[in-house]
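Let's take a friendly walk through a protein model. Have a look at the sequence and the 3D view first, and then we will go strand by strand.

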Amino acid sequence: FDLWVVGADGGAPRQLTSGPAVDQPLGWLPDGSGVVFARSNDGETRTMVAPVDGGPLRLLVEHRGGNQFAVPSPNGKYVSVEISRAGESTIWVQDAASGAIRQLTTEGFEAANSSRDTWSPDSRFLVFTSRRTGTADLWTVNVETGELRQLTTDIRDDIGHAWSPDGRWIAFVSDRGGQWDVWIVSSQGGDAIRVTNDFARESSVRWTAGGAALYF
């Protein structure tokens, strides 16, 4: 699998990557100059950038061993990094300008979406899933102070998080009602609100650009 781009109004697709690795697009750099993608090869996954002008590929973050999924913040100041190795997964943050990287979680049971939905719109917080209590709950972390906040505490699993455009809500999918439905919770915590209630399995929840609706 290789990476391609095509104009939004159509036209001829253009190939950005090639070779034996599996390349999966994760999003764009905030300035639109390159595509962020996960490259799986030799048993590990790294996050890389493919410039749309055809320049050389580069690592988004320094490779620290294990599988790494990295996502730039909306303002381009930070890069969130999920590092999985030896059966443990932790969340880190890198300063985009200096390259300095800091570890934000230490439990080893964390996971972040491999998309920009893990960042708050103001680039101050990350939302992630942690199984440190035995089931998957939603947590946030302040990337400047490292302060952690647990948002959900249900005995069932809460996964697939996405910030609302105004930063007030986080949508997620949970089986807390006995089936996989869409829920939302305040980004400050509190009682979750059920959005769907049917026997179908909901997944991949996202917000519309204005934040007035969800699609899944």
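Which residue in β4 is the bridge partner of D23? The partner is R39. This is a predicted model, in which local features need pLDDT of at least 70 and side-chain atom pairs count only at pLDDT 80 or more, while totals for chains, interfaces and linings use all residues. Residues are numbered from 1 along each chain as its sequence is written, and side-chain values use heavy atoms, leaving out hydrogens and water.

Strands here are DSSP runs of E with at least two residues, numbered from the N terminus. Two of them pair if DSSP finds at least two bridges between them. In general, strands of a sheet pair through backbone hydrogen bonds, either parallel or antiparallel.

One open sheet has 4 strands in the order β3-β4-β5-β6, with antiparallel pairing. Its edge strands, β3 (22-28) and β6, each pair on one side only.

Further along the chain, β16 takes part in these pairings:

| Pair | Sense | Bridges | Residues between strands in the hairpin | Glycine with positive phi |
|---|---|---|---|---|
| β15 (158-163) and β16 | antiparallel | 4 bridges | 5 residues | G167, near 80° |
| β16 and β17 (181-186) | antiparallel | 6 bridges | 6 residues | G178, near 95° |

D158 stands opposite S174 in β16, and F172 has W183 in β17 as its bridge partner. In β16 (169-174), 5 of the 6 residues are buried, meaning under 20% relative accessible area with a 1.4 Å probe and protein chains only; exposed is over 50% and partly exposed lies in between.

Finally, V52 sits in the loop between β5 (44-51) and β6 (58-59). V52 is partly exposed, at 23% relative accessible area.
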